Each structure stands twice: as C-alpha cells, then as structure tokens.
Amino acid sequence: MNTNLLLHRFFNGFLWLALPLLLAPVAWALADWAVFSAVFRPDLQACQQAAGQGACWGVVAEKWRVILFGRYPLEEQWRAGIVLLLWSVLLFATAARLFKSKTAFSLWALLLPASAVLLHGGVAALPTVPTNLWGGLPLTLILSTVGFALALPLAVLLALGRQSAFAPLRRFCITYIELLRALPLVTVLFLAAFVLPLWLPGEGLDLFTRVLFTIALFSAAYLAEVLRGGLQAVPAGQGQAAKALGLNRVQRNVHVVLPQAIRACLPSLINSFVTLFKECSLVTIVALFELTGALSLALAGDVQWRSFYLEGYLFIGLVYWAYCFGLSKTVK
C-alpha cells in the first residue's frame, strides 16, 4: 500500500482520537458554567455568588418581558405576544410551503392589518400604543418580514430593468443598485431617521414607517442582484419558446421566466431574508428597540443586573439562531 496513503489514514485516525480528548476539558468547563453551576432562578444574590463559576440565566427569567417586547406597556404585552406567536407560526409555515401560494398570500394579507390593529390599538376598547413603543422580537419580525415583502417586487423590477434594452431604464436601475449597495445600512437608517424629516412637510411619516420603507428600499438593491443571477440561470430558449407561442413580454416574464428564476435562486433569497432578519438589530441606533436593543434597554438602567450582559446576549443569540436555522431547514 502507498506510504502516503498509510500516513494519511494514520493521521486521520490520530485526529479522531486526539481531538475529543483535547476538547473534552473545554466542553466540560462550558457545560459546568452553562448548566451544572448555573443559576436559573431570578435570584440576584445567588447570581452574584456564582459570578465567575456559573452562568446567571436568572437575568433572562427576570428581564424576559423587556427583552422580548421592549418598551411595549406591560399590561398590554399579551397583544404583542399574540402577534409574535401568529407571525412566527405563519413565517415557518410559509417557508415550509405548508400552504399553497394563494392561501399563504391571503393569510398574510389578513394577518398584517389585524396585527397592526392589535399592536396599535385605539379600537374595541384597546388602549393606543404608538409605534415608537413597539419593540423586541415582534418588531424584529415585522421589520424583516414586511421589509422583505416590500423589497421583493421592487427587486424584480430592478433586475428586469437592469437587463432591459432601453438604455435610460437600464442605467437608472444600475445606478440605484450600485449606489444602495455601496452605502452601509447604518448610514441609510440615520438619514431616514434624522435627515428625511427635515424635507417632509408637516409632521411627515412616523419613525417606524420611515425605517420600514428604508429597509425595503435598501434590501431591494441586494435582492435585485440575487434575482438577476436567477434570471441568467434560465435558458434563453425558455423565453424564445414562450415568444413563439404568442406571449408578450410581460406574459413571458410573469408566467415563464420569473417562476424559474425565483426557483433557481430560492436558497439565496432565504439567505437574504436571514441576513435582513439579523441586520434589523441596527435600528437600535435610531431608538427603535428591537430584540438586541431591548436587551440594552432591560439592563442599561438596572445597576443590579447590569453585570450579566453575557448571559443576555447568549439568550438573544439563541433566539436568532432558532429562527435562522429553522428557516434554513424548513425551506423545501
């Protein structure tokens, strides 16, 4: 047998034996800190005594309402909880294609206004809660999901426009895409929050609406490039065959080209949504306290629990992971 092959097998076998032995002390130390020596009840004194030896998950038990719902009024958080549950279930069901497209669209069309009414209130004896008090995980879901839904149709138009033979339209689409992709989202959010109101007449749009449309316009530039890759993956013969059947340009794109392009780039579209879901944490800089910002809101003003930021960040990291990993696995 080849000497190099023997050495390769010996080295692989050595790694399989040595790595578990080398990593075992680290794994045990982490398990001891996170589980065996950890404090799970909201007991500040016990957490302080366990400092440096075990994790204080009691900070999550103590502050979970603020972390999940931000500044939403405590007595009305059942409304935000219902919205969070419904949006999470429908999001995963849509990603897993448990419903037909028309059914899913109808459910989202019903859920959006119902959620807006439930969160904002002002009807049916529900107290009004302004959008600047919305926060936590429901806000993250709303900004990412609605922002993505608004961005996708614009991205389709930009992707098709970039391939158009009409030069002015093609140049406009290229300029829009490249300009937005060259700017950091933080900069665009800052402009929407603090500069745009100076140009709008009267009171203009509220902060939540400005941020939502900014996220949609910004995301459309990235989604357009994803869709352009899908369009290029569709064989040219598909469009030519549709033209031979008498379909006009719009019909060819809607019924033949776009369905195949979206199917080809579906994993990339899901990846873009997962990225947007995490990037929504940046809205904290404009005083919208989504999931990450809500943690700072919960601990920054509490001197007693402030030292347990690590456990808080690990908890919200687990929430982000659950949504992102779950979405990536449910897509079919």
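Ala, Val, Leu, Ile, Met, Phe, Trp, Tyr, Cys and Pro count as nonpolar here, Asp, Glu, Lys and Arg as charged, and the others, Gly among them, as polar. With that split, the lining of the second largest pocket comes out at 13 nonpolar, 6 polar and 3 charged residues. Keep in mind that this is a predicted model. Below is a quick run through the pockets, the cavity, the cysteines and one bent helix.

**Largest pocket**

- The largest pocket holds about 1,500 Å³ of space, and 32 residues line it.
- If you want to find its centre, look for Thr94, Ser101, Ala104, Phe148 and Leu152, the lining residues that lie nearest to it.
- Five helices put at least two residues each into this lining: H4 (77-95), H5 (101-120), H6 (136-162), H11 (249-264) and H12 (266-279).
- H6 supplies the largest share of the lining, with 9 residues.
- As for chemistry, the lining of the largest pocket splits into 26 nonpolar, 3 polar and 3 charged residues.

**Second largest pocket**

- Next comes the second largest pocket, with a volume of about 580 Å³.
- It has 22 lining residues, and Leu160, Gln163, Arg249, Asn253 and Val257 sit closest to its centre.
- At least two lining residues apiece come from H6, H7 (167-182), H10 (236-244) and H11.
- H6 again gives the largest share, here 5 residues.
- H6 and H11 therefore turn up in the lining of both pockets, with at least two residues each in the largest and at least two each in the second largest, by the DSSP numbering of helices.

**Cavity**

- There is 1 cavity of 30 Å³ or more in the structure, and about 40 Å³ of space lies in it.
- Its walls are made by Phe69, Tyr72, Ala80, Leu119, Trp134, Gly135, Pro138, Leu139 and Ile142.
- H6 is the main contributor here too, giving 3 residues to the lining.
- By class, the cavity lining has 8 nonpolar residues, 1 polar and no charged ones.
- The polar one is Gly135, because Gly is counted among the polar residues.

**Cysteines**

- The disulfide count comes to 1: Cys47 pairs with Cys56, with 2.0 Å between their sulfur atoms.
- The torsion about the S-S bond of Cys47 and Cys56 is about 70 degrees, so this disulfide is right-handed.
- Cys47 and Cys56 are both buried.
- Why is Cys265 not in a disulfide? The closest cysteine sulfur, in Cys173, is 17 Å from the sulfur of Cys265, which is too far for a bond when the cut-off is 2.5 Å.
- Cys265 is buried, at 5% relative accessible area.
- Cys280 is in a similar spot: the closest cysteine sulfur is in Cys324, 11 Å away, and that is too far for a bond.
- With a relative accessibility of 1%, Cys280 counts as buried, because the limit is under 20%.

**Helix H9**

- Helix H9 covers residues 207-233, and its 27 residues should span 39 Å at 1.5 Å a residue.
- The end C-alpha atoms of H9 are 39 Å apart, so the model agrees with that expectation.
- H9 does bend, by about 30 degrees, at Ala220.

Technical notes. Residues numbered from 1 in each chain as written. Predicted model: local features only at pLDDT ≥ 70, side-chain atom pairs only at ≥ 80, totals over all residues. Heavy atoms only, no water. 1 Å grid on protein atoms, 1.4 Å probe; cavity = no way out; pocket = protein on both sides within 12 Å on 5 of 7 lines; lining within 4 Å. Points joined across faces, edges and corners; volume = space filled by probe spheres on them. Helix = DSSP H or I, 4+ residues; strand = E, 2+ residues; numbered from the N terminus. Buried < 20%, exposed > 50% of the residue type's maximum accessible area, 1.4 Å probe, protein only. Expected span 1.5 Å × (residues − 1). Bend = angle between axes of the 7 residues up to and from the residue.
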